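Biologist: I would like to learn how two parts of one chain meet. Can we go through it step by step?

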Amino acid sequence: MQTEYLSYRRYFNQIVGFFVVEDHILHATRGLVTRAFTDELWNMALSKIIAVLRTHSSYCDDPDLVLELKNLIVIFADTLQGYGFPVNRLFDLLFEVRDQYNETLLKKWALVFRWIFELDNYSPIPVETEEEYKLVVSRFPFHDAEIEKQDFPKKLPMSQSVPQIYTQVKEFIYASLKFSESLHRSSTEIDDMLRKSTNLLLTRTLSSCLQNLIKKPHIGLTELVQIIINTTHLEQACRYLEEFITNITNVSPETVHTTRLYGLSTFKDARHAAEGEIYTKLNQKIDEFIQLADYEWGMAESDGRASGYLMDLINFLRSTFQVFTHLPGKVAQTACMSACKHLSTSLMQMLLDTELKQISMGAIQQFNLDVIQCECEYFQSSFLVFFFSFSMLNL
């Protein structure tokens, strides 16, 4: 980067030196050059300068170098403007460079977000002392009266990626702000630029990272539940990000045409994707247990108790639904209903299998014991809605 920066600086210095000399000749001599000549020379040079900068900046993927290039262009433009040369086209170019700078920032923060998600343990944050608690809430705006009343040690509902993501979004806003400095723009324009670039970070970069995370094979049901909890807290924190931008620019969010942050849609979409993945993975897990079912359809009499595969499945669902108690009620209820409907359908398909030619009375009794066990789980369990649809299978 240092070599490229020095090349840019040398390039601008040589051009400035040339036109400073031309301006000196114009004002120190009589008739040697004219203003019309220097203006024509400048316009021709300016077109070539813009073409060169536009080409080179488009290939740059280092945000720090793009920022340095912007600073050089501003100094270059301000210097030549002081000698009477029109530089509006250079400041128009800076808007193109700003877009390129934002793109490089988005790529950089995409890697940051992926790294954060990769290192997360997807477990509630444990806090042992008051100091640890204050450290977390200093990085992330978390407020819960019930948790605050609890004695230490205690756990915060979100995992460690939440305060890290929130902090990195603020870092992105700071980085985006750096480009707006010295551009001679109003606070309202700077505020608008910051909000638009932050919206891109949330709705494109962070959203994409979340969607990819949810689809990863190693993300299980427990992790998906934690992701739903995490996105809920990040969504609630968006208003604090708006306040953060307001404090930087001193532009009220109530100002006409002020752009709002779209974190609401970003995290809501991620939650819906995670919920859908929960239903899918839960049904896949049920299918794995069902594949272990090995009914002896010609058995003389039943075992007198529920099948082993079914008891293993019920134990799995017990522990899984216990995790679901941390989810919003509607989501947890939908997951449970989806699971029992899927299991009910799977059991029914066993009986309706076209390859099944005959069933003994003992096999029917065994199958009926399994269905009864499912019904007992519904009446005896304390976890949400469970196996309500098995009455249709009672034989």
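Modeller: This is a predicted model. We start with domain 1 and domain 2.

Biologist: How much area do domain 1 and domain 2 bury between them?

Modeller: The size of an interface is often given as the accessible area lost when the parts come together. Here 71% of the buried area lies on carbon and sulfur atoms. The total between domain 1 and domain 2 is about 720 Å².

Biologist: Which residues of domain 1 lose the most area to domain 2?

Modeller: Three residues lead on that side. Together they account for 57% of what domain 1 buries. They are Leu67, Lys70 and Phe95.

Biologist: How many salt bridges and how many residue pairs in polar contact link domain 1 and domain 2?

Modeller: Take the charged links before the polar ones. The salt bridge count between the two domains is zero. For residue pairs in polar contact, the count is two.

Biologist: Which element gives the largest share of the side of domain 1 that touches domain 2?

Modeller: Two elements each give two or more residues to this side: α3 (63-82) and α4 (88-119). The largest share is five residues. That share comes from α3.

Biologist: How many residues on that side of domain 1 are nonpolar, polar or charged?

Modeller: Sort the side that touches domain 2 by class. No polar residues appear there. Two residues are charged. The nonpolar residues number seven.

Biologist: What distance separates the centres of domain 1 and domain 2?

Modeller: The domain assignment puts domain 1 at 1-97 and domain 2 at 120-270. Each centre is taken over C-alpha atoms. The separation is 40 Å.

Notes. Residues are numbered from 1 along each chain as its sequence is written. This is a predicted model: local features need pLDDT of at least 70, side-chain atom pairs count only at pLDDT 80 or more; totals for chains, interfaces and linings use all residues. Side-chain values use heavy atoms; hydrogens and water are left out. Domain bounds come from an automatic or database domain assignment. Buried area is the accessible area (1.4 Å probe) that two parts lose on being put together, summed over both. A salt bridge is a side-chain nitrogen of Lys or Arg within 4 Å of a carboxyl oxygen of Asp or Glu. A polar contact is a pair of N or O atoms within 3.5 Å; within protein, one must be able to donate a hydrogen and the other to accept it, and residues adjacent in sequence count only if both atoms are side-chain atoms. Helices (H or I, at least four residues) and strands (E, at least two) are DSSP runs, numbered from the N terminus. Ala, Val, Leu, Ile, Met, Phe, Trp, Tyr, Cys and Pro count as nonpolar, Asp, Glu, Lys and Arg as charged, and the others, Gly among them, as polar.
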